[in-house]
Amino acid sequence: MTVAPVRVEVPEAPAIPGLVFRRMRIPDDLEAIAGLFNAADEADGIDDRHDAEGLAQWFAHADSWDPLQDVLLAEVDGALIGYGKVHWIEDNDGGRNFAHWGTVHPAWRRRGLGRAILRASQRRLREIAAGQEPIPGRNRRFETWANDAQTGAGILMASEGYEVARYFFEMLRPSLEDVAEFPLPEGLEVRPVLPEHHRAIWAADLEAFEDHWGGIPSSEAAFQRFFSGPDFQPELWRVAWDGDEVAGQVNNVIMREFNAQTGSRRGLLAGVSVRRAWRSRGLARALVSQSLVALRDAGMTDAVLGVDADNPTGALGVYEANGFVVHQTEKAYRRPFDG
C-alpha cells in the first residue's frame with residue numbers, strides 16, 4: 001500500500017501554481033529523485049549520474065540524518081522539481097557542521113525555489129540543533145557545497161551570507177594509456193580486500209583523514225555503506241599492508257551509471273589515503289598508479305578523483321605525477337549558525 005506523503009509548509013515558497021513540498025517516501029521516490037539529479041547534472045555539465053539502486057544504498061545507511069525527516073521534495077502536479085537534504089557532522093577542528101544541499105530541475109530555476117529549499121533546510125537544521133546537548137566552545141556553522149558550473153548556486157550562497165571556505169578539484173586523467181608504474185616502498189605489499197580485513201581497512205582510512213579539512217563520517221552506518229552496495233567493487237581496490245597493518249589504500253569504482261548514460265568508460269578513485277607513519281615514501285603515488293592499471297584492465301579509458309586544493313599531504317602533486325589534470329572546481333560554503 002502506498003503511504004500518503006507528509007506535506008511540509010514552506011513560508012518562503014514561490015508563487016508557482018500547483019507547487020507543494022513534502023517528505024520523501026522510500027522506495028517510491030527513488031526513481032524520480034535519480035531523474036532530477038541526472039537532469040540537473042546534465043544541464044550543469046557535471047560528470048555524475050545516479051540510479052534508484054545507488055540511491056537506495058545511500059538512504060539505507062544514513063548517518064546523523066533521517067531520510068524520512070531530513071529530505072524535502074518539491075513537486076508540481078506530481079512531478080518532482082526540487083530536492084533538499086540536511087545532516088550534521090563533527091568537524092576535525094572541533095566544530096559542528098550543519099550541512100545542507102539541494103538542487104532544482106533546470107526547467108524550474110530562477111523562480112525562487114532554490115532559496116525556499118535552502119531556508120527550509122536551515123530551519124530543519126535549527127530544529128535538529130535544538131534537540132542536541134550544547135557543548136561549550138564548539139563552533140557551529142551552516143555548510144553547503146556547489147560546483148563552479150552551478151553558477152546559480154554560487155550566487156544564491158553569496159546572497160544568503162555564505163562565504164567560500166575551501167576549494168576542491170575534480171581531476172581527470174583523460175587517457176589510461178601510458179600509465180607510469182611507480183614501485184611500492186620496500187617492505188609493503190598489496191593484498192586482496194577480504195571481509196575479515198574490512199574493519200582494519202576502515203580504521204586506517206578514518207585515521208588517515210583525521211588531519212584533513214572537514215568532517216569524516218565514522219558511524220556504523222557509514223561503515224556498512226562503505227563496504228556494500230552496487231558500487232562496492234573490492235577487486236578494484238588497492239590496499240597496501242606493512243605486516244599486519246594497513247599503510248594506505250585507494251578505493252576504486254567503475255562509474256557504472258555515468259558510463260551507461262553517457263557511453264563513457266570511466267573509473268573513479270573514490271578515496272586515496274595513507275596513514276601518517278607511511279607518508280612521504282611514495283606509497284600514494286604507487287597505489288594511484290596501480291589503480292589506474294586496474295581500471296584500464298577492467299576496460300576503462302579514463303579516470304577521475306577529487307582532492308582538497310589545500311590538501312596538507314601534497315596529494316595534488318601525487319595526482320599530477322600520475323597524469324591527472326584539473327577538470328572542475330567545487331567550493332565549500334559556510335556561514336555562522338548563530339546569528
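Leaving out neighbours within four places in sequence, Arg-265 is in contact with Asn-259, Gly-299, Met-300, Thr-301 and Asp-302. This is a predicted model, and Arg-265 is a convenient place to enter it. The residue sits in the loop between helix H7 (256-262) and strand S10 (266-274). One of its contacts, Asp-302, is 37 residues away in sequence, yet the two C-alpha atoms are 6.7 Å apart in space. Another partner, Gly-299, places its backbone oxygen 3.3 Å from a polar atom of the Arg-265 side chain. Arg-265 is partly exposed, because its relative accessible area of 47% falls between the limits of 20% and 50%.

From this loop the view can widen to the whole chain. The protein has nine helices and twelve strands. A compact globule of 339 residues would have a radius of gyration near 20 Å, and the value for this protein, 21 Å, agrees with that. Along the principal axes, the C-alpha atoms fill a box of roughly 65 × 50 × 40 Å. Of the 339 residues, 49% count as buried. Among contacts between residues at least 6 apart in sequence, 73% join residues at least 24 apart. The accessible surface comes to about 15,600 Å², and 51% of this belongs to carbon and sulfur atoms.

Next comes the interior. The largest nonpolar core has 28 residues, and those touching the most other members are Leu-269, Leu-283, Val-288, Leu-292, Leu-295, Tyr-319 and Phe-324. At least two core residues are supplied by each of strand S9 (245-254), S10, helix H8 (283-297), strand S11 (302-308) and helix H9 (315-321). The largest share, seven residues, comes from H8. As for Leu-292, with residues up to four places away in sequence not counted, it touches Arg-173, Leu-176, Val-179, Leu-269, Ala-303, Asn-322 and Phe-324.

Towards the start of the chain, Pro-27 lies in the loop between strand S1 (19-23) and helix H1. The peptide bond that joins Ile-26 to Pro-27 is cis, with omega about 10 degrees. Helix H1 covers residues 30-44, and its 15 residues reach 21 Å from first C-alpha to last, close to the 21 Å expected at 1.5 Å a residue. Its buried residues are Leu-30, Ile-33, Ala-34, Leu-36, Phe-37, Asn-38, Ala-40, Asp-41 and Asp-44. An α-helix has 3.6 residues a turn, so residues three or four places apart point the same way. The buried residues of H1 pack against helix H2 (52-60), strand S2 (71-76), strand S3 (79-90), strand S4 (96-104) and H7. After H1 comes Gly-45, with a positive phi near 75 degrees.

Two serines also have positive phi. Ser-64, in the loop between H2 and S2, has phi near 60 degrees. At 31% relative accessibility, Ser-64 counts as partly exposed. Ser-280 is found in the loop between S10 and H8, and its phi is about 65 degrees. With 83% relative accessibility, Ser-280 counts as exposed.

A last loop runs between helix H3 (113-130) and strand S5 (140-147), and Gln-132 is found there. Gln-132 counts as buried because its relative accessibility is 17%, and the limit is under 20%. Neighbours within four places in sequence aside, Gln-132 is in contact with Trp-88, Arg-96 and Phe-98. With Arg-96 the contact is polar, side chain to side chain, at 2.8 Å.

Definitions and conventions:
Residues numbered from 1 in each chain as written. Predicted model: local features only at pLDDT ≥ 70, side-chain atom pairs only at ≥ 80, totals over all residues. Heavy atoms only, no water. Helix = DSSP H or I, 4+ residues; strand = E, 2+ residues; numbered from the N terminus. Buried < 20%, exposed > 50% of the residue type's maximum accessible area, 1.4 Å probe, protein only. Contact = heavy atoms within 4.5 Å. Polar contact = N/O pair within 3.5 Å; in protein donor to acceptor, adjacent residues only side chain to side chain. Core = buried A, V, L, I, M, F, W, Y, C linked by side-chain atoms within 4.5 Å. Expected span 1.5 Å × (residues − 1). Rg over C-alpha atoms; globule rule 2.2 N^0.38 Å. Areas by Shrake-Rupley, 256 points an atom, 1.4 Å probe, with all protein chains shown as cover.
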